[in-house]
Amino acid sequence: MANEHILTLSCPDKPGIVHAVTGIFAREGHNILDLQQFSDPTSEKFFMRVHFGPTPTESTEHLRPAFTSLAEEYNITYEIRPVTQKRRVLIMVSKIGHCLNDLLFRVKTGQLPIEVPLIVSNHPDFAPLASSYGIEFRHLPVTRDTKAAQEAQILELVDQHKIELIVLARYMQVLSPTLCEAMSGRIINIHHSFLPSFKGAKPYHQAYERGVKIIGATAHFVTADLDEGPIIEQRVARVDHSMEPKALVEEGSNIESQVLAAAVKWYAEGRVFLNGTKTVVF
């Protein structure tokens, strides 16, 4: 993957975009290794992901004039990023650690193309786990009265560590509209339910009370509306009448880890695009 890159772009849909983009690569002599596109007839937006290369060096500055001109013509928002450049991710957690543990293991074994320079928690429980991976751990307690100050500290850490994505790995605090807006489209949460069912606290207990036959988990972008953000990934497992809430929680924890890891991986690889209240995932 030396000197290979990912182009991601979105813009109002109109004819000629694919021709214009691929024409730039053809003129520069760059091979297109993979290309995915989608035109949404409802939002009238166009989305595209192109894996291209190799380029003579890691730099893509020679492409900037052509894409700047194209962006102005088609009102395009785009990013070109080296395949080898990992996203810098802040993980936040409370007192339930299976998602955190799973993410850290996947990072260490090369399954997730991200860097985790920092873990933040409102409890001290996972400081030893962070230490075992050589990752800085910040314990930032929070109450209703200290929430604004605590979230201001989080945003300072985001700037200091050049964080590109926040992952809520069972962080059991509702984020304020201020933090949601500051990191809009850059916070992913795992909700232990197949949304939109069973929002809020103790969804497995809610599911048990309703006698459901399927439980699931949902990874979604965080917005100021609780558990209402655009959905990235969902998975389910079958359950039956014999399973008590504890068994549902155990089964659900496995799904949560898988769903969150998938969402983070796809985001890191430039496969996730916001499309109003929905997402496009290549």
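Two strands pair if DSSP finds at least two bridges between them. The exercises below apply this to a predicted model.

**Exercise 1. Work out in which order the 4 strands of the open sheet are arranged, and which strands stand at the edges.**

Step 1. The annotation that covers this part of the chain comes from UniProt, where an unreviewed entry places the feature "domain: ACT" at residues 6-85. That span is 29% helix and 38% strand, and its end C-alpha atoms lie 10 Å apart.

Step 2. The 4 strands follow the order 2-3-1-4 in an open sheet, and their pairing is antiparallel. Strand 2 (32-40) and strand 4 (77-82) each have a single partner strand and therefore stand at the edges, so that one side of each is left without a neighbour in the sheet. From one strand to the next, the twist averages 10 degrees.

Step 3. One pairing can be followed down to residues: strand 1 (residues 5-12) and strand 3 (residues 45-52) are joined in the antiparallel sense over 8 bridges, and L7 stands opposite V50 in strand 3.

**Exercise 2. Find which strands helix 1 and helix 2 lie against, and determine how these two helices are oriented to each other.**

Step 1. Helix 1 (residues 17-28) packs on the sheet, where it touches strand 1, strand 2 and strand 3, and its direction makes about 20 degrees with that of strand 3. Helix 2 (residues 64-74), in turn, lies across strand 1 and strand 4 and runs at about 155 degrees to strand 4.

Step 2. Between helix 1 and helix 2 the packing angle is about 175 degrees, with the axes 11 Å apart. Angles over 145 degrees count as roughly antiparallel, and helix 1 and helix 2 are therefore roughly antiparallel to each other.

Step 3. Helix 1 contributes I17, A20, V21, I24 and F25 to the contact, and helix 2 contributes A66, F67, L70 and Y74. By class, the residues of this contact are 9 nonpolar, no polar and no charged.

**Exercise 3. Describe how helix 8 packs with helix 3 and with helix 7, giving angle, handedness and residue classes for each contact.**

Step 1. The axes of helix 3 (residues 98-108) and helix 8 (residues 245-268) come within 9 Å and cross at roughly 45 degrees; the two helices are therefore oblique to each other, and their crossing is right-handed.

Step 2. On the side of helix 3 the residues are H98, C99, D102, L103 and R106, which meet S253, E256, S257, Q258, L260, A261 and V264 in helix 8. This contact has 5 nonpolar, 4 polar and 3 charged residues.

Step 3. Helix 7 (residues 203-210) packs with helix 8 at an angle of about 125 degrees, the axes being 9 Å apart, and helix 7 and helix 8 are therefore oblique to each other. Here too the crossing is right-handed. Y204, H205 and Y208 of helix 7 make the contact with P245, L248, V249, G252, S253 and E256 of helix 8, and these residues divide into 5 nonpolar, 3 polar and 1 charged.

**Exercise 4. Locate E269 and state which residues E269 touches, not counting those up to four places away in sequence.**

Step 1. E269 lies in the loop between helix 8 and strand 12 (272-275).

Step 2. With that exclusion, E269 touches I6, R49 and P113. For R49, the separation from E269 is 220 residues in sequence and 9.9 Å in space, C-alpha to C-alpha.

Notes:
Residues numbered from 1 in each chain as written. Predicted model: local features only at pLDDT ≥ 70, side-chain atom pairs only at ≥ 80, totals over all residues. Heavy atoms only, no water. UniProt positions renumbered as here; feature names shortened; annotations may be inferred. Axes fitted to C-alpha atoms, helices over the stretch in contact; angles between N-to-C directions. Contact = heavy atoms within 4.5 Å. Parallel < 35°, antiparallel > 145°, perpendicular 65-115°, else oblique. Left-handed = near helix turned anticlockwise from the far one by under 90°. Nonpolar A, V, L, I, M, F, W, Y, C, P; charged D, E, K, R; others polar.
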